[in-house]
Amino acid sequence: MARKVAIYTRISRDDEGDGLGVARQRQDCERLADLRGLSVAKIYEDNDVSAYKRNVLRPEFELMLSDLTAGLIDGVVSYDLDRLARQPKDLERLIEVFETRKRLTFVTVTNDIDLSSADGRTMARVMVAFANKSSHDAARRIKRKHLELAMKGKSSGGPSPYGWQKNDPNKVDPEAARHIRDAQREILAGVRIGTIRTRWQAEGIGRPREGTKRVSHNHVELMVTSPRLCGYRIYHGEILLSDDGEPVIGEWETINTIEEWEAVCAAVAERKQANPNVGRPVARKYLLSGIARCGLCHTKIRGQNNRLWKPGSKASKYSYQCSVVNGGCGKVGRVGEPVEDLIIDLVLEEQRQRAAEDSSPTTVEWPQEAELKAVSDDIKALTSAANNREITMSSLLQLLPDLERRRDELKLERARFHRKAKRAESVSDGVKSRQQLRDLPIERQQEILLHSLSAVVIHPAGRGKRVFNPDLIEPIWRE
Ligand SMILES: [Zn+2]
């Protein structure tokens with residue numbers, strides 16, 4: 001009977017560019033197992049690409065060790081020793097298993113060691129110790145230096161990110177910061193990133209890469225959601241965590257508070273979930289499309305171009321028309337501009353009145369802040385207990401996932417809460433006149449209307465009536 005072995009693969013940062021991804025490691029291991037007549041019972045796969053996880057143990061490696069000890073598998077196939085045991089203490093734990101279960105199989109694709117013989121084990125120890133010592137290697141030293149600086153919250157080298165001064169990545173560039181905050185306010189109010197991208201490109205905002213004038217969708221998204229905005233240090237594309245699991249805070253001036261930044265990230269993520277085709281332009285040209293409803297059949301009414309319109313003609317350029325194509329009765333329609341002007345004026349007046357009545361301070365506190373703190377403290381206490389060997393790693397690993405899940409849930413709720421608050425407070429600030437509103441992106445205009453009303457009912461005008469009658473336009477106000 002073929003021996004049941006496991007394949008162990010691991011990607012590490014050093015694999016970038018070597019093409020030694022998990023898929024290739026696994027293929028090579030499978031081929032080798034085949035060649036030796038071994039049957040692969042299980043595949044363990046760890047990913048420690050993220051530098052900040054370097055102190056964290058490898059959950060699949062742990063699982064593999066316990067499966068080996070329990071006799072569920074009879075050996076391991078791995079690409080090379082480096083995949084399996086980088087630290088002497090990992091190697092010693094592995095060797096311990098091999099010494100207690102004498103007949104275990106161990107092979108590597110590069111054929112570098114044989115843990116089942118005493119000589120092989122000695123060789124392995126030398127190799128791991130040597131690999132550990134290879135810090136004289138220049139590249140590794142530079143990487144380490146970068147990480148060291150990052151852990152201290154220093155800015156990385158290279159050009160300053162947008163939002164900070166070109167010659168000093170620690171000092172905010174006030175104008176760029178204002179552009180970022182404006183864009184974030186728009187996103188919280190429901191404006192699409194694509195709309196912001198278009199504006200940034202037209203106005204030359206966002207410091208596009210040298211040699212190109214194009215501002216990409218991704219670029220804008222990164223600009224408004226970068227963790228750096230609230231002071232979080234990024235390292236290899238991820239938020240860098242200190243040894244106690246808290247984000248490392250940079251020493252530069254921030255553009256957002258953590259709450260603001262979380263709110264924007266939540267808004268962007270929600271929109272992506274709701275609309276996976278984000279970035280693709282959506283035809284939403286008319287202010288009351290989807291807001292207006294037919295007074296007869298109550299179907300949603302959309303705006304449409306008037307095909308008879310020509311420059312200089314007296315006919316309206318567009319109208320709102322109940323359409324049979326969209327499942328409506330097709331009997332109600334109205335010219336576009338007067339309906340919109342009327343609704344904008346009514347809404348601005350309503351919001352003015354409401355603002356006058358409601359001048360209470362709007363500082364709101366998230367009611368679950370204490371719970372989040374308690375959960376985070378628990379995580380910290382457990383982690384440090386494990387680091388001080390007051391509890392075992394396996395108890396830590398049993399307790400941690402639930403706590404982490406709860407913490408992440410709470411953080412998400414907090415982001416949603418702040419997002420809602422920000423949205424309410426930012427909805428119409430600064431917009432005083434019809435023209436100011438008209439100058440905003442269309443989604444922003446709609447957002448402002450929808451803050452006050454839920455629909456606009458257009459009642460039939462009757463035959464032959466050519467004069468616009470505002471009484472037949474009925475705004476449905478929100479409670
Ligand atoms: Zn209708």
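User: Four donors count as tetrahedral if all angles lie between 85 and 135 degrees. With that in mind, what angles do the 4 donor atoms around the zinc ion subtend?

Analyst: This is a predicted model. In it, the 4 donor atoms around the zinc ion subtend angles of 99 to 115°. Every angle falls inside the range of 85 to 135 degrees, so the arrangement is tetrahedral.

User: Which residues are the protein donors of the zinc ion?

Analyst: The zinc ion has the SG atoms of Cys294, Cys297, Cys322 and Cys329 as its protein donors, at 2.2 to 2.4 Å. Along the chain, these donors follow the spacing C-x2-C-x24-C-x6-C.

User: Where do cysteine 297 and cysteine 329 lie?

Analyst: Cysteine 297 is in the loop between β9 (292-294) and β10 (302-305), while cysteine 329 is in the loop between β11 (318-321) and β12 (333-335). The pair therefore ties together parts of the chain that are 32 residues apart in sequence.

User: Why does cysteine 297 count as partly exposed?

Analyst: Its relative accessibility is 29%, and partly exposed covers the range between under 20% and over 50%, so cysteine 297 belongs there. Cysteine 329 is also partly exposed, with a relative accessible area of 26%.

User: Changing topic: how many aromatic pairs does a search of the whole structure find?

Analyst: The search finds 7 aromatic pairs. One of them joins tyrosine 232 and tryptophan 261, whose ring centres are 5.5 Å apart. Their planes are at 80°, and over 60 degrees counts as edge-to-face, so this pair is edge-to-face.

User: Which parts of the chain does that pair link?

Analyst: Tyrosine 232 is in the loop between α9 (217-225) and β7 (234-235), and tryptophan 261 is in helix α10 (residues 258-274). The two residues are 29 residues apart, and the pair links distant parts of the chain.

User: Are tyrosine 232 and tryptophan 261 buried or exposed?

Analyst: Tyrosine 232 is buried, with a relative accessible area of 8%. Tryptophan 261 counts as buried as well, at 9% relative accessibility.

User: What aromatic pair do tyrosine 286 and tyrosine 320 form?

Analyst: Tyrosine 286 and tyrosine 320 form an edge-to-face pair, with 6.5 Å from centre to centre and 80° between the planes. Tyrosine 286 lies in the loop between α10 and β9 and tyrosine 320 in strand β11, so the pair ties together parts that are 34 residues apart in sequence. Tyrosine 286 is buried at 11% relative accessibility, and tyrosine 320 is buried at 0%. Both belong to one aromatic cluster with Tyr318.

User: Back towards tryptophan 261: which residues does asparagine 256 touch?

Analyst: Leaving out residues up to four places away in sequence, asparagine 256 touches Arg181, Gln184, Leu229, Cys230 and Trp261. With glutamine 184, there is a polar contact of 2.7 Å between the side chains.

User: Where is asparagine 256 found, and is it buried or exposed?

Analyst: Asparagine 256 is in the loop between β8 (238-239) and α10. At 3% relative accessibility, this asparagine counts as buried. Its C-alpha is 9.9 Å from that of valine 224, although the two are 32 residues apart in sequence.

User: What about threonine 105: which side chain does a polar contact join to it?

Analyst: The side chain of threonine 105 is joined to that of arginine 3 by a polar contact of 2.9 Å. Threonine 105 is in strand β4 (residues 105-108) and counts as buried at 15% relative accessibility. Beyond its neighbours within four places in sequence, threonine 105 is in contact with residues including Val5, Leu38, Asp74 and Phe98.

User: Now the helices. How many residues of helix α15 are buried?

Analyst: In helix α15 (residues 442-452), 8 of the 11 residues are buried, so the helix is largely enclosed by the rest of the structure. Among them are Glu443, Arg444, Ile448 and Leu449.

User: And how far does helix α2 reach?

Analyst: Helix α2 (residues 59-70) has 12 residues and reaches 17 Å from its first C-alpha to its last, close to the expected 16 Å. Its buried residues include Phe61, Met64, Leu65 and Leu68. Glycine 71 follows α2 and has a positive phi, near 80°.

User: Lastly, how many helices and strands are there in the chain?

Analyst: The chain has 15 helices and 14 strands. Of its 479 residues, 39% are buried. Among contacts with a separation of 6 or more, 65% are between residues 24 or more positions apart.

Technical notes
Residues are numbered from 1 along each chain as its sequence is written. This is a predicted model: local features need pLDDT of at least 70, side-chain atom pairs count only at pLDDT 80 or more; totals for chains, interfaces and linings use all residues. Side-chain values use heavy atoms; hydrogens and water are left out. Helices (H or I, at least four residues) and strands (E, at least two) are DSSP runs, numbered from the N terminus. Buried means under 20% relative accessible area, exposed over 50%, partly exposed in between (1.4 Å probe, protein chains only). A polar contact is a pair of N or O atoms within 3.5 Å; within protein, one must be able to donate a hydrogen and the other to accept it, and residues adjacent in sequence count only if both atoms are side-chain atoms. Contact means heavy atoms within 4.5 Å. The expected span of a helix is 1.5 Å times one less than its number of residues. Donors are N, O and S atoms within 2.8 Å of the metal (3.2 Å for Na, K and Ca); water is not among the atoms, so sites may look incomplete. Four donors count as tetrahedral if all angles lie between 85 and 135 degrees; four count as square planar and six as octahedral if opposite donors are over 155 degrees apart and all others between 65 and 115; anything else is irregular. Rings of Phe, Tyr and Trp (its six-membered ring) pair if their centres lie within 6.5 Å; planes under 30 degrees apart count as stacked, over 60 as edge-to-face and the rest as tilted.
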